[in-house]
Amino acid sequence: MYYLEGDVRCTIIHTKMTGDLKQVSSSYNLKTFEEELNHPDFYRVCKSYIVNLKEIAIISSRNKSVIIKNGKNIDIPKERIYKLKQKMQ
């Protein structure tokens, strides 16, 4: 799983299955996934995204964003970048 994206009343799970990028929708909200994914490899980088730390390609302090290995660029708050870098160590 690359990341989870909150979308109004559902969550879109972005993953790779059998070599293809897939998007799966769930009726659960992002908060529910955050509580259930109580795992060190997942981190809520902002209000709308939970990322798999193993799938982060770049953390850009200058651009205040992370780039996921599948090419997705996610903007995150400045204070979360510091926490994310600490978590990745």
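Buried means under 20% relative accessible area, exposed means over 50%, and partly exposed lies in between. The legends below use these classes for a predicted model.

**View 1. Ile58 on strand 6.**
Ile58 lies in strand 6. Its relative accessible area is 43%, so Ile58 is partly exposed. Leaving out residues up to four places away in sequence, Ile58 touches Ser65, Val66 and Ile67. Lys69 is eleven residues from Ile58 along the chain, and the two C-alpha atoms are separated by 8.3 Å.

**View 2. Ser65 on strand 7.**
Ser65 is found in strand 7. Is Ser65 buried or exposed? With 3% relative accessibility, Ser65 counts as buried. Its side chain makes a polar contact of 3.2 Å with the side chain of Asn73. Neighbours within four places in sequence aside, Ser65 is in contact with Ile58, Ile59 and Ser60. The same list holds Asn73, Ile74, Asp75, Ile76 and Ile81. Asn73 thus appears both as a polar partner of Ser65 and in its contact list.

**View 3. The open sheet of strands 6, 7 and 8.**
Three strands make up this open sheet, in the order 6-7-8, with antiparallel pairing. Strand 6 (56-60) and strand 8 (73-75) stand at the edges. Each has a single partner strand, so one side of each lacks a neighbour in the sheet. On average, neighbouring strands of this sheet are turned by 20 degrees against each other, direction ignored. Four bridges pair strand 6 with strand 7 (residues 65-68) in the antiparallel sense. Which residue in strand 7 is the bridge partner of Ile56? The partner is Ile68. Helix 2 (residues 78-88) packs on the sheet and touches strand 6 and strand 7. The direction of helix 2 makes about 135 degrees with that of strand 6.

**View 4. The hairpin of strands 1 and 2.**
Strand 1 (residues 3-7) and strand 2 (residues 10-17) run antiparallel and are joined by five bridges. Glu5 stands opposite Ile12 in strand 2. The two strands form a hairpin with two residues between them. Val8, in the turn, has a positive phi of about 50 degrees.

**View 5. The hairpin of strands 2 and 3.**
Strand 2 also runs antiparallel to strand 3, and seven bridges join the two. Which residue in strand 3 does His14 stand opposite? Gln23 takes that place. Two residues lie between the strands of this hairpin. Here Thr18 takes a positive phi near 45 degrees.

**View 6. Ser26 in strand 3.**
Ser26 lies in strand 3 (residues 20-26). At 15% relative accessibility, Ser26 falls under the 20% cut-off, so Ser26 counts as buried. Its side chain reaches the backbone nitrogen of Tyr28 at 3.1 Å. Not counting residues up to four places away in sequence, Ser26 touches Cys10, Thr11 and Phe33.

**View 7. Ser48 in the loop between strands 4 and 5.**
Ser48 sits in the loop between strand 4 (42-46) and strand 5 (49-52). How is Ser48 classed, buried or partly exposed? Its relative accessibility is 26%, so Ser48 counts as partly exposed. With its neighbours within four places in sequence left aside, Ser48 is in contact with Leu4, Glu5, Gly6 and Leu30. Glu5, one of these contacts, is the residue that stands opposite Ile12. Thr11 is 37 residues from Ser48 in sequence, and 9.1 Å from Ser48 in space, C-alpha to C-alpha.

**View 8. The whole chain, for orientation.**
The secondary structure comes to two helices and eight strands. Along the sequence, the pattern reads β-β-β-α-β-β-β-β-β-α. The C-alpha atoms fill a box of roughly 35 × 30 × 20 Å along the principal axes. The radius of gyration is 13 Å, which agrees with the value near 12 Å for a compact globule of 89 residues. Buried residues make up 37% of the 89 residues. Among contacts with a separation of 6 or more, 34% come from residues 24 or more positions apart. The protein exposes about 6,000 Å², of which carbon and sulfur atoms supply 46%.

Notes. Residues numbered from 1 in each chain as written. Predicted model: local features only at pLDDT ≥ 70, side-chain atom pairs only at ≥ 80, totals over all residues. Heavy atoms only, no water. Buried < 20%, exposed > 50% of the residue type's maximum accessible area, 1.4 Å probe, protein only. Polar contact = N/O pair within 3.5 Å; in protein donor to acceptor, adjacent residues only side chain to side chain. Contact = heavy atoms within 4.5 Å. Pairing = 2+ DSSP bridges. Axes fitted to C-alpha atoms, helices over the stretch in contact; angles between N-to-C directions. Rg over C-alpha atoms; globule rule 2.2 N^0.38 Å. Areas by Shrake-Rupley, 256 points an atom, 1.4 Å probe, with all protein chains shown as cover.
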